[in-house]
Amino acid sequence: MEEIEIHHLILFPLISLILIWSISKWLSKPTGNKNPPPSPPKLPVLGNLHQLSSLPHRSFLSLSKKHGPLMLLHFGRVPVLVASSADAAREIMKNHDLSFADRPLYKAHRKILYDGRDLVFAPYGEYWRQAKGSFVLKLLSNKRVQSFQPIREEETANFVKKIRESSGSSVNLSRMFFQFAYDGICRSAFGRKYGESEKGKKFLMLVTEMAELLGAICIGEFIPWLGWIDRVRGFDERLDEVARGLDEILESVIDERLEINQEESLKEENGDDFLDILLEIYSDDNGGDVSGNRDNIKGIILDVFGAGSDTSAVVLEWTMTELLRHPTVMEKLRRHIKEVVKEKRDISSDDIEKMPYLRAVIKETFRCHPPFPLLLPRVACRDVKVKGYDVAAGTVAMVSFWAIGRDPELWDEPEKFRPERFLNSSIDFKGVDFELIPFGAGRRGCPAITYSIASIEFLLANLVAKFEWKLPNVEKGKDLDMNESPGITAHRVVPLHALATMIE
Ligand code: HEM
């Protein structure tokens, strides 16, 4: 009896080891590509996952220095093409845009974003085409962006008031920027802020969690037989909870709105926010009934919050960080704004158009601190040849704008924050110049450039023109912590605190 038990003790682990080794050999066998892009050596099962830190854009940059601007990694069983130069980005997002027009749809996206019935993660096809068309022409047309100017003005005035009231004491600018961006999105999407209500607080918490979950690495996605780890560590449960919580709130917001819209007089008062426009778009085919399209409406509203609030806050946070570290740039920007505004008390949106130095400061912030260091992933929907290399259908493509912004072949002294580099340059961030693509490019490019830039520039111009800014005592004399946090968007790891004094 004892002999048999000892036998089992040795035999079972041995067989398991042989099994794991064979499976890993099978999983990591070459894909049959004739001429794949250069790859760092990979481990069985893990592929190159062990070479990624919690900040993958930094790991990609150092790997690309060894393996080149177009390299093929493996996240478990998933091949991942990483582009780290403007030239390689152009190949993916322009020359082969159609071949890379899909996005990977992981478990988190499927659960939270209604199986990709949003826009950001919608599979490329007819549904995506229609949703993108509506987004560009109806939700975010130039006319619509202009119609939001009163919201921008009010929210900026609220911000300025809060800073004035806390004059002389240190404020947490990172938190304030996030609230500012979230309130602006809430008003554009729902026509009102839900901020102080129970529903509002819960929604904000869930939206924050959603961003975290959508950016998290879920091991089962790359190594399916390790999927149980996601269950054991509670990831799957959190996904279910967040998806359920968001859905309940959005359902109640839609019901409320449908009720209000039945009362014609109240509908007028409410005006056309994103929700009204989406209800109109998605009821066209059904003679006023949206019941079959509720998931599309909810998915797109979640895109607006997911893609909209965090990103603008990150740009504001890093721009103020760099201005505080570079007082001469801050002073030059202040003089520039004053020259345009002259003796007027209030800055108008027309004034902003005449401030090229403000635009240059924001471009330089994008270059140094892109909100999405790796943009958003794409997927090859067919086999494709990129710069002579064979890339198989199903390969995930990641464009490292983080690396492009630091490329010494493109930028003189890339490590320096110098907005002047954009003053006599035609380089813009609209997706044509691949040196500067914080909003991506091509058919899956961001549809909200004008909308985002309008509120970012308006707030910044006001903050710089109306206040003198300083770092709190504790930060003086030592440089700020410039590290970014892990996750899909790159926040400051340490929130930015600053002191403001009103300029009379
Ligand atoms: C500073 C602010 C923002 C930045 C830096 C940014 C950046 C990006 C990037 C990098 C992409 C992927 C592009 C690609 O694959 O080529 C994207 C897509 C997208 N963004 Fe933005 N975004 C911002 C604000 C917003 C806002 C405010 C909204 C909504 C109101 C929004 C909605 C979207 C949508 C719907 C897509 C998906 C487009 C598609 O897949 O066809 N973004 N954004």
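# Sheet, core and ligand shell

Trainee: Which residue in S7 stands opposite Val-80?
Mentor: The model is a predicted one. S2 covers residues 78–83, and S7 covers residues 396–399. Across from Val-80, in S7, stands Val-396.

Trainee: How many bridges join S2 to S7, and in which sense do the two strands run?
Mentor: Val-80 opposite Val-396 belongs to this pairing. Four bridges join the two strands, and the sense is parallel.

Trainee: Which residue is the bridge partner of Val-379 in S7?
Mentor: S4 spans 378–379. S4 and S7 pair over two bridges, in the antiparallel sense. For Val-379, the partner in S7 is Val-396.

Trainee: What is the strand order of the open sheet?
Mentor: S1 and S2 are antiparallel, with six bridges. S2 and S7 are parallel. S4 and S7 are antiparallel. The pairing is therefore mixed, with S1 and S4 at the edges, and the order reads S1-S2-S7-S4.

Trainee: Which strands are left with one side without a neighbour in the sheet, and why?
Mentor: Look at the partner count. An edge strand here has a single partner strand, so one side is left without a neighbour in the sheet. That holds for S1 and S4.

Trainee: Which residue in S2 does Leu-70 face?
Mentor: Leu-70 belongs to S1, which runs 70–75. S1 and S2 are antiparallel. Opposite Leu-70, in S2, is Ala-83.

Trainee: Ala-397 is in S7; is Ala-397 buried or exposed?
Mentor: Count the C-beta atoms. Within 10 Å of Ala-397 there are 29 others. The cut-off is 20 or more. So Ala-397 is buried.

Trainee: Which residues touch Ala-397, apart from neighbours within four places in sequence?
Mentor: From S2, take Leu-81 and Ala-83. From S4, take Arg-378 and Val-379. The others in contact with Ala-397 are Ile-92, Phe-100, Pro-377 and Ala-380.

Trainee: What separates the C-alpha atoms of Ala-397 and Leu-376?
Mentor: Along the chain, the two are 21 residues apart. In space, their C-alpha atoms are separated by 9.0 Å.

Trainee: Where does Leu-375 lie, and what is its phi?
Mentor: Leu-375 sits in the loop between helix H18 (356–368) and S4. It counts as buried, with 26 C-beta neighbours inside 10 Å. It is not a glycine, yet its phi is positive, at about 50°.

Trainee: What is the phi of Tyr-114?
Mentor: Tyr-114 is in the loop between helix H4 (107–112) and H5. With 21 C-beta neighbours inside 10 Å, Tyr-114 counts as buried. Its phi is positive in a residue other than glycine, near 55°.

Trainee: Which helix gives the largest share of the largest nonpolar core?
Mentor: That core has 125 residues. Those with the most contacts inside it are Ala-89, Ile-112 and Ile-301. A share of 15 residues, the largest, comes from H15.

Trainee: Which residues is Ile-112 in contact with beyond four places in sequence?
Mentor: Ile-112 is among the residues with the most contacts inside the core. Its partners include Met-210, Leu-213 and Leu-214. The list goes on with Leu-239, Val-242, Ala-243, Leu-246 and Leu-302.

Trainee: Which element gives the largest share of the shell around the ligand?
Mentor: The shell has 29 residues, and Gly-308, Thr-311, Gly-440, Cys-446 and Ala-448 come nearest. Helix H5 (126–139), helix H15 (294–325) and helix H20 (449–466) each give two or more residues. The largest share, seven residues, is that of H15.

Trainee: How many residues of the shell are nonpolar, polar and charged?
Mentor: Sort the shell around the ligand by class. The charged number four and the polar seven. The nonpolar residues number 18.

Trainee: Which residue does the UniProt "binding site" annotation cover?
Mentor: The annotation comes from an unreviewed entry. The residue lies in the loop between helix H19 (401–404) and H20. It counts as buried, with 22 C-beta neighbours inside 10 Å. It is Cys-446.

Trainee: Which residues does Cys-446 touch, not counting those up to four places away in sequence?
Mentor: Cys-446 is among the residues that come nearest to the ligand, as is one of its contacts, Gly-440. The contacts are Gly-440 and Phe-439.

Trainee: What percentage of the protein chain's residues count as buried?
Mentor: The chain has 20 helices and nine strands. Of its 504 residues, the buried share is 39%.

Key: Residues are numbered from 1 along each chain as its sequence is written. This is a predicted model: local features need pLDDT of at least 70, side-chain atom pairs count only at pLDDT 80 or more; totals for chains, interfaces and linings use all residues. A residue is near a molecule or strand if its C-beta atom, placed from the backbone, lies within 6 Å of it. Ala, Val, Leu, Ile, Met, Phe, Trp, Tyr, Cys and Pro count as nonpolar, Asp, Glu, Lys and Arg as charged, and the others, Gly among them, as polar. A nonpolar core is a set of buried Ala, Val, Leu, Ile, Met, Phe, Trp, Tyr and Cys residues joined through C-beta atoms within 7 Å. A residue is buried if 20 or more other C-beta atoms lie within 10 Å of its own, exposed if 12 or fewer, and partly exposed in between; C-beta atoms are placed from the backbone. Two residues are in contact if their C-beta atoms, placed from the backbone, lie within 7 Å. UniProt positions are given in the numbering used here, feature names are shortened, and annotations may be inferred rather than shown by experiment. Two strands pair if DSSP finds at least two bridges between them.
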